[in-house]
Amino acid sequence: MATVKENLLRATELAQSDSPRLDLEVLLCHLLGKSRAWLYTWPEHPLDDTQQAAFDRLFQRRLAGEPVAHLTGSREFWSLPLKVNRATLIPRPDTEVLVETVLALCPEDNLSLLDLGTGTGAIALALASEKPGWQILALDKMPAAVALAEENRQQLGFANVRLLQSDWFAALADERFDVIVSNPPYIDPQDPHLREGDVRFEPLSALVAEEAGLADIRQIAADARGFFRGTGLLLVEHGWDQGKAARRIFSDAGYTDVETRLDYAGRERITLGRYHSSS
């Protein structure tokens, strides 16, 4: 029987992964129901035949490129455990910059916020965890994504978040918001990276947008103007090389105080602006 240590040594085979050792640690923790600290404490612990067979199956799927989050069915975001599946994007650490920025700019204890294209619900639920007095509506076009986000909402118990199926603003009527946020599709359909790594296993509809990846950002900036209450704040995540284009889109749509915030690698990632509504 192979030990924990021996199974972790197989990380050398995961050449396509940026973090092969961590990948296998996460898979072993998931399989054994143990912490990473336990793995380091008991490296000589042997896996029984059933555990080894299960690990071998997970290892082969990871070797084929399947994301670790899909193998375990979960991903942590903002210290919240979120269920994930192939219906949505896997939450990325850089999206936490969007959450941080909203919290920094909005110290109020009571406001209304709209999350467009919520996916797993990561952004909406992270904000709800910090601001229980906020009223948050999270939308997604895909019914499977709405169902998954609702599962996560119920699991975490956040009563101040509502989920609704909607193609961007289409299902909204008279509701108005103080803040609108989105992590929309922003990858150019011709981007060669779509054929590499984890994104091969994620829904294209949540990744790509026309007009070199800018079509949805342009639509959101335009349409959001009709859904603000007073002076509203719009924040959108985008590709590292789209900051200049996003700022132009915001400015052309009439937003003021337009700026772009950097992600953890120092790349332009979040563009924001304020819109002065007459309603």
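This report describes a mixed sheet, the helices that pack on it, and several single residues of the structure shown above.

The model is predicted, so local features are described only at pLDDT of at least 70 and side-chain atom pairs only at pLDDT 80 or more, while totals for chains, interfaces and linings use all residues. Residues are numbered from 1 along each chain as its sequence is written, and side-chain values use heavy atoms, with hydrogens and water left out.

## The sheet

Helices (H or I, at least four residues) and strands (E, at least two) are DSSP runs numbered from the N terminus, and two strands count as paired if DSSP finds at least two bridges between them. Seven strands form an open sheet with mixed pairing, in the order β5-β4-β3-β6-β7-β9-β8. The edges are taken by β5 (161-165) and β8 (256-262), and because each has a single partner strand, one side of each is left without a neighbour in the sheet. Neighbouring strands of this sheet are turned by 15° against each other on average, direction ignored; for such angles, axes are lines fitted to C-alpha atoms, for helices over the stretch in contact, and the values run from 0 to 180 degrees between N-to-C directions.

Strands of a sheet pair through backbone hydrogen bonds, either parallel or antiparallel. At one edge, β4 (residues 135-140) and β5 pair in the parallel sense over five bridges, and Ile136 has Val161 in β5 as its bridge partner. At the other edge, β8 and β9 (residues 268-276) run antiparallel and are joined by five bridges, with Glu259 standing opposite Leu272 in β9. The strands β8 and β9 form a hairpin with five residues between them, and Gly266 in the turn has a positive phi of about 80°.

Contact here means heavy atoms within 4.5 Å. Helix α8 (residues 143-156) lies across β4 and β5, and runs at about 165° to β5. Helix α10 (residues 215-223) also packs on the sheet, where it touches β3 (112-116), β6 (177-182) and β7 (228-237), and its direction makes about 170° with that of β7.

## Helix α4

The expected span of a helix is 1.5 Å times one less than its number of residues. The 15 residues of helix α4 (residues 49-63) should therefore span 21 Å, which agrees with the 21 Å between its end C-alpha atoms.

A residue is called buried under 20% relative accessible area, exposed over 50%, and partly exposed in between (1.4 Å probe, protein chains only). In α4, the residues Gln52, Ala54, Phe55, Leu58, Phe59 and Arg62 are buried. They cover an arc of only 160° around the axis, which puts them on the same side of α4; the arc is that of the directions from the helix axis to the C-beta atoms. Asp49, Thr50 and Arg57, by contrast, are exposed on the other side of α4. The cover over the buried residues of α4 includes α1 (4-8), α2 (20-32) and α5 (68-72).

At the start of α4, a side-chain oxygen of Asp48 reaches to within 3.1 Å of the backbone nitrogen of Thr50. Such a polar contact is a pair of N or O atoms within 3.5 Å; within protein, one must be able to donate a hydrogen and the other to accept it, and residues adjacent in sequence count only if both atoms are side-chain atoms. Just after α4, Gly65 takes a positive phi of about 105°.

## Helix α7 and Thr95

Helix α7 (residues 122-130) contains Ile123. Seven of the nine residues of α7 are buried, so this helix is largely enclosed by the rest of the structure. Not counting residues up to four places away in sequence, Ile123 touches Phe77, Thr95, Leu98, Val99, Asp115, Val181 and Asn183.

Thr95 is found in the loop between β2 (80-83) and α6 (96-105). Leaving aside its neighbours within four places in sequence, Thr95 is in contact with Phe77, Ile123, Asn183 and Glu237.

## Accessibility of single residues

Most residues other than glycine have a negative phi, and most peptide bonds are trans. Ser79, in the loop between β1 (74-77) and β2, nevertheless has a positive phi near 65°. Asp257, found in strand β8, also has a positive phi, of about 55°, although it is not a glycine.

| Residue | Relative accessibility | Class |
|---|---|---|
| Thr95 | 5% | buried |
| Ile123 | 7% | buried |
| Ser79 | 62% | exposed |
| Asp257 | 53% | exposed |
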